[in-house]
Amino acid sequence: LGLLALLTPCVFPMIPMTVSFFMQGSESRARGVFRGLVFGISIMAIYTLLGVIVSVSNVGPNAANALSTHWIPNLIFFALFIVFAFSFFGMFELVLPASWTNKADSQVDKGGFGGPFFLAVTTVLVSFSCTGPIVGALLVEAAGGLALKPILGMFGFGLAFAIPFTLFAIFPSWLKGLPKSGGWLNSVKVVLGFVVLAFGMKFLSTIDQTYHLGIMSREVYLAIWIVIFIMLGFYLLGKLKFAHDSELPHV
């Protein structure tokens, strides 16, 4: 998921911008490598901290079992996944207050550890409209599990998200091999929307199985998945179009 998040229109164009920061004002390559490592470790620490917060808020196995089986949290989680999917489809954007981004960005020019750290904070905040649904979906999945599950989940996401930024900061010449930004980035975002929508059905299925309602049977569940991914196929063939999509002259 961390690697997929890089291929979204909020994140991919930021790679050259962050790399240019490490190339400017670096008297030596060693300094640039050091700042790139601080930047990557900071991103990992920020996302891991989110996992720690979720883990600390988990009050025990009984609460975890109730969270994973009771109809109220499952219905809330289903609604969240629908919101995340619609956000990926371009119906609206999940954004953080601009003041948070501005405050973090104003600290980027500081030397030492400060500059790379606040650049990492700015990167996380600016990319939230694309990474927020992914992180939220991952945290929802982990919320009812073991105490280490959200921590490991967020650490893994942060690691995958940070490694490409760090490598490009250390080896800026690799940027020449990157594809140019374009409409394909929004297509990746929409595909993620279909995937999140499909996984959101799991929570309705959990409610049905727990309370034996007989509405969301295995056949119905699979039928919904088939419809969702057929629609995804039509989208990739250019038969469906969402907001911010570019024209598709050929497949």
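Met231 is partly exposed, with a relative accessible area of 37%; the term covers values between buried, under 20%, and exposed, over 50%, computed with a 1.4 Å probe on protein chains only. This residue is found in helix 11. Helices (H or I, at least four residues) and strands (E, at least two) are DSSP runs, numbered from the N terminus. Leaving aside neighbours within four places in sequence, Met231 is in contact (heavy atoms within 4.5 Å) with Phe194 and Leu240. Met231 and Phe194 are 37 residues apart in sequence, and their C-alpha atoms are 8.5 Å apart in space.

The model is predicted: local features need pLDDT of at least 70, side-chain atom pairs count only at pLDDT 80 or more, and totals for chains, interfaces and linings use all residues. Residues are numbered from 1 along each chain as its sequence is written, and side-chain values use heavy atoms, with hydrogens and water left out.

The protein chain as a whole may be summarised as follows.

| Property of the protein chain | Value |
|---|---|
| Helices | eleven helices |
| Strands | zero strands |
| Buried residues | 42% of the 251 residues |
| Contacts 24 or more positions apart | 76% of the contacts with a separation of 6 or more |
| Exposed area | about 13200 Å² |
| Share of that area from carbon and sulfur atoms | 73% |

The accessible areas come from the Shrake-Rupley method with a 1.4 Å probe; for residues, only the protein chains shown count as cover.

A nonpolar core is a set of buried Ala, Val, Leu, Ile, Met, Phe, Trp, Tyr and Cys residues joined through side-chain atoms within 4.5 Å. The largest such core has 35 residues, and those with the most contacts inside it include Phe194 and Leu197. Among the elements that give two or more residues to this core are helix 5 (71-88), helix 10 (183-211) and helix 11 (218-236). Helix 10 gives the most, with eight residues. Not counting residues up to four places away in sequence, Leu197 touches Ile82, Ala85, Phe89 and Ile228.

Helix 5 has 18 residues and reaches 26 Å from its first C-alpha to its last, close to the 26 Å expected at 1.5 Å a residue; the expected span is 1.5 Å times one less than the number of residues. Its buried residues include Phe81, Ile82 and Ala85. Just after helix 5, Gly90 takes a positive phi of about 95°.

Phe194 also belongs to a cluster linked by ring pairs, together with Phe86, Phe89, Tyr235 and Phe242. Rings of Phe, Tyr and Trp (its six-membered ring) pair if their centres lie within 6.5 Å.

Notes: Phe/Tyr/Trp six-rings, centres within 6.5 Å; stacked < 30°, edge-to-face > 60°.
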